[in-house]
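User: Please work through this model with me, one question at a time. Each reply should set out its reasoning and finish on what was asked.

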Amino acid sequence: QVQLAESGGGLVQAGGSLTLSCSASGLTFGPKFMAWFRQAPGKEREFVAGINRSGGSTTYSDSVKGRYTISRDSARNTVFLRMNSLKPEDSAGYYCAASNIIASNVVPTHTTDYNFWGQGTQVTVSS
């Protein structure tokens, strides 16, 4: 049974920082890609940041580029998301995702590219 477990969500004031973590279990080998998505009420789930197995390739959405940092501990199948300079519009449920179904070496950015998902952790940024 493959499971992803997120943690670290919470309430933070605008301009503050927060770090999310996600651990994958039930996999013999580490996922080729791991990523973070977020979904606000009434909106579609959107890509935030992704990283490959070695951690040498990362991709960020334009809305978080320069403020968020994704990192990965491949030995522990764990991915982190450091969020700085948070804005109210960053408020959303944040979901960890993993993929081992993509042949490309480019970090995928669509929900359909990922086949494992966590339950989500809520991030709320107050103004």
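**Strands, cores and the disulfide**

User: Over how many bridges do S1 and strand S3 (residues 18–25) pair?

Analyst: The model is predicted, so local features need pLDDT of at least 70 and side-chain atom pairs count only at pLDDT 80 or more, whereas totals for chains, interfaces and linings use all residues. Residues are numbered from 1 along each chain as its sequence is written, and side-chain values use heavy atoms, with hydrogens and water left out. Strands (E, at least two residues) are DSSP runs numbered from the N terminus, and two of them pair if DSSP finds at least two bridges between them. S1 and S3 are antiparallel, Ala-5 standing opposite Ser-23 and Gln-3 opposite Ser-25, and the number of bridges in this pairing is five.

User: Which side chains of strand S1 (residues 3–7) point to the buried face?

Analyst: In a regular strand the side chains alternate between the two faces of the sheet. S1 shows this alternation: Gln-3, Ala-5 and Ser-7 point to one face and are not buried. Buried means under 20% relative accessible area, exposed over 50% and partly exposed in between, with a 1.4 Å probe and protein chains only. The buried side chains, on the other face, are Leu-4 and Glu-6.

User: Which strands stand at the edges of the four-stranded sheet, and why is one side of each left without a neighbour?

Analyst: The sheet is open, with antiparallel pairing and the order S1-S3-S8-S7. Each edge strand has a single partner strand, so one side lacks a neighbour in the sheet; the edges are S1 and strand S7 (68–73).

User: By how much are neighbouring strands of this sheet turned against each other on average?

Analyst: Axes are lines fitted to C-alpha atoms, for helices over the stretch in contact, and angles run from 0 to 180 degrees between N-to-C directions. With direction ignored, the average turn between neighbouring strands of this sheet is 15°.

User: How many residues of S5 are buried?

Analyst: S5 pairs antiparallel with S4 over six bridges, Met-34 having Ile-51 as its bridge partner. S5 also runs antiparallel to strand S6 (residues 58–60), to which three bridges join it, and Ala-49 is partnered by Tyr-60. S5 is mostly covered, and of its seven residues the buried number is six.

User: Which residue in the turn of the S4 and S5 hairpin has a positive phi?

Analyst: Six residues lie between S4 and S5 in this hairpin. The positive phi, about 80°, belongs to Gly-42.

User: Where along the chain do the two ends of the disulfide lie?

Analyst: A pair of cysteine sulfur atoms within 2.5 Å is taken as a disulfide, and the count is one. Cys-22 is joined to Cys-96 with S to S at 2.0 Å, and at -80° about the S-S bond the link is left-handed. The pair links distant parts of the chain, 74 residues apart: Cys-22 is in strand S3, and Cys-96 is in strand S9 (residues 92–99).

User: Is Asn-77 buried or exposed?

Analyst: Asn-77 sits in the loop between S7 and strand S8 (78–83). Contact means heavy atoms within 4.5 Å, and Asn-77 touches residues including Cys-22, Ser-23 and Met-34, with those up to four places away in sequence not counted. Because its relative accessibility is 12%, Asn-77 counts as buried.

User: Which residues have the most contacts inside the largest nonpolar core?

Analyst: A nonpolar core is a set of buried Ala, Val, Leu, Ile, Met, Phe, Trp, Tyr and Cys residues joined through side-chain atoms within 4.5 Å. The largest one has 28 residues, and among the elements giving it two or more residues are S3, strand S4 (33–39) and strand S5 (46–52). Those with the most contacts inside it are Met-34, Trp-36, Tyr-68, Leu-81, Met-83 and Tyr-94.

User: What is the radius of gyration of the protein chain?

Analyst: The chain has zero helices and 11 strands, and 46% of its 127 residues are buried. The radius of gyration is taken over C-alpha atoms, and the globule rule is 2.2 Å times the number of residues to the power 0.38. The rule gives 14 Å for 127 residues, and the chain is close to that, so it is as compact as a globular protein of that length, with a radius of gyration of 14 Å.
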